[in-house]
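Work through the exercises below with the sequence and the model open beside you. Try each task before you read its solution.

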Amino acid sequence: MRHELAGQRARLPPTLILHGASDRIVPISHAHAIERLLREQGTPYEIKIYEGQGHGLTGAAQFDAAARVARFLGQHLQQAPS
């Protein structure tokens, strides 16, 4: 997977990785592979693995993820010129 990502783009943009530790659809190894690639590239990233969560986050994890998304976008998106 890492080589697929690296071949598609010379450098990935700042990335937020949110992943359920019990995800049966996308293996947790994919989240860690993306993290390794971002670290190798020196790309800003944040990762949060939610224990006991599957592919869709629920309960407190869902609210935490929403807050992380808002904060991450606020940090990494520039306002478009008027």
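**Exercise 1.** Is L77 buried or exposed?

*Solution.* The model is a predicted one, and the values used here are computed from it. Begin with the place of the residue: L77 belongs to the segment after α3 (59-76). Next, take its relative accessible area, which is 58%. The cut-off for exposed is over 50%, so L77 is exposed. Finally, look across to P14: the two residues are 63 residues apart along the chain, and their C-alpha atoms are separated by 9.4 Å.

**Exercise 2.** State how many helices and strands the protein has, and give their pattern along the sequence.

*Solution.* The count gives 3 helices and 2 strands. Reading along the sequence, the pattern is α-β-α-β-α. Two further figures describe the whole chain. Of its 82 residues, 26% count as buried. Among contacts with a separation of 6 or more, 68% come from residues 24 or more positions apart.

**Exercise 3.** Describe how the two strands are paired, and name the unit they make with the helix α2.

*Solution.* Step one is to locate the strands: β1 covers residues 15-20 and β2 covers residues 45-50. Step two is the sense of pairing, which is parallel, over 6 bridges. Step three is to check individual positions. L16 stands opposite E46 in β2, and G20 has Y50 as its bridge partner. Step four adds the helix: β1, α2 (residues 28-41) and β2 form a β-α-β unit, and this unit is right-handed.

**Exercise 4.** Classify L18 by its accessibility and list its contacts beyond four places in sequence.

*Solution.* L18 is in strand β1. Its relative accessible area is 27%. Partly exposed covers the range between the 20% and 50% cut-offs, so L18 is partly exposed. Leaving aside neighbours within four places in sequence, L18 contacts K48, Y50, A65, R68 and V69. For K48, the separation in sequence is 30 residues, while the C-alpha to C-alpha distance is 5.1 Å.

**Exercise 5.** Test whether the span of α2 agrees with its number of residues, then list its buried residues.

*Solution.* The helix has 14 residues. The expected span is 1.5 Å times one less than the number of residues, which for α2 gives 20 Å. The end C-alpha atoms are 20 Å apart, so the two values agree. The buried residues of α2 are A31, A33, E35, L37, L38 and Q41. An α-helix has 3.6 residues a turn, so residues three or four places apart point the same way. After the helix comes G42, with a positive phi near 75°.

**Exercise 6.** Which residues form the largest nonpolar core, and which element gives the most to it?

*Solution.* The core has 5 residues: L12, I17, A31, L37 and L38. Helix α2 gives the most to this core, with 3 residues. Now take one member, L12. It sits in the loop between α1 (2-8) and β1. Its relative accessibility is 15%; since buried means under 20%, L12 counts as buried. Not counting residues up to four places away in sequence, L12 touches L37, L38, Q41 and T43. The C-alpha atoms of L12 and G42 are separated by 9.6 Å, although the residues are 30 residues apart along the chain.

**Exercise 7.** Decide whether T43 is buried or exposed, and find its polar contacts.

*Solution.* T43 lies in the loop between α2 and β2. With a relative accessible area of 4%, T43 is buried. Two polar pairs involve its side chain. In one, a polar atom of the T43 side chain lies 3.4 Å from the backbone oxygen of L12. In the other, the side chains of T43 and Q41 are joined by a polar contact of 3.3 Å. Not counting residues up to four places away in sequence, T43 touches R11, L12, P13, P14 and L38. Two of these, L12 and L38, also belong to the largest nonpolar core.

How values were computed
Residues are numbered from 1 along each chain as its sequence is written. This is a predicted model: local features need pLDDT of at least 70, side-chain atom pairs count only at pLDDT 80 or more; totals for chains, interfaces and linings use all residues. Side-chain values use heavy atoms; hydrogens and water are left out. Two strands pair if DSSP finds at least two bridges between them. Helices (H or I, at least four residues) and strands (E, at least two) are DSSP runs, numbered from the N terminus. A crossover is right-handed if, with the strands pointing away from the viewer, the path from the first strand over the helix to the second runs clockwise. Buried means under 20% relative accessible area, exposed over 50%, partly exposed in between (1.4 Å probe, protein chains only). A polar contact is a pair of N or O atoms within 3.5 Å; within protein, one must be able to donate a hydrogen and the other to accept it, and residues adjacent in sequence count only if both atoms are side-chain atoms. Contact means heavy atoms within 4.5 Å. A nonpolar core is a set of buried Ala, Val, Leu, Ile, Met, Phe, Trp, Tyr and Cys residues joined through side-chain atoms within 4.5 Å.
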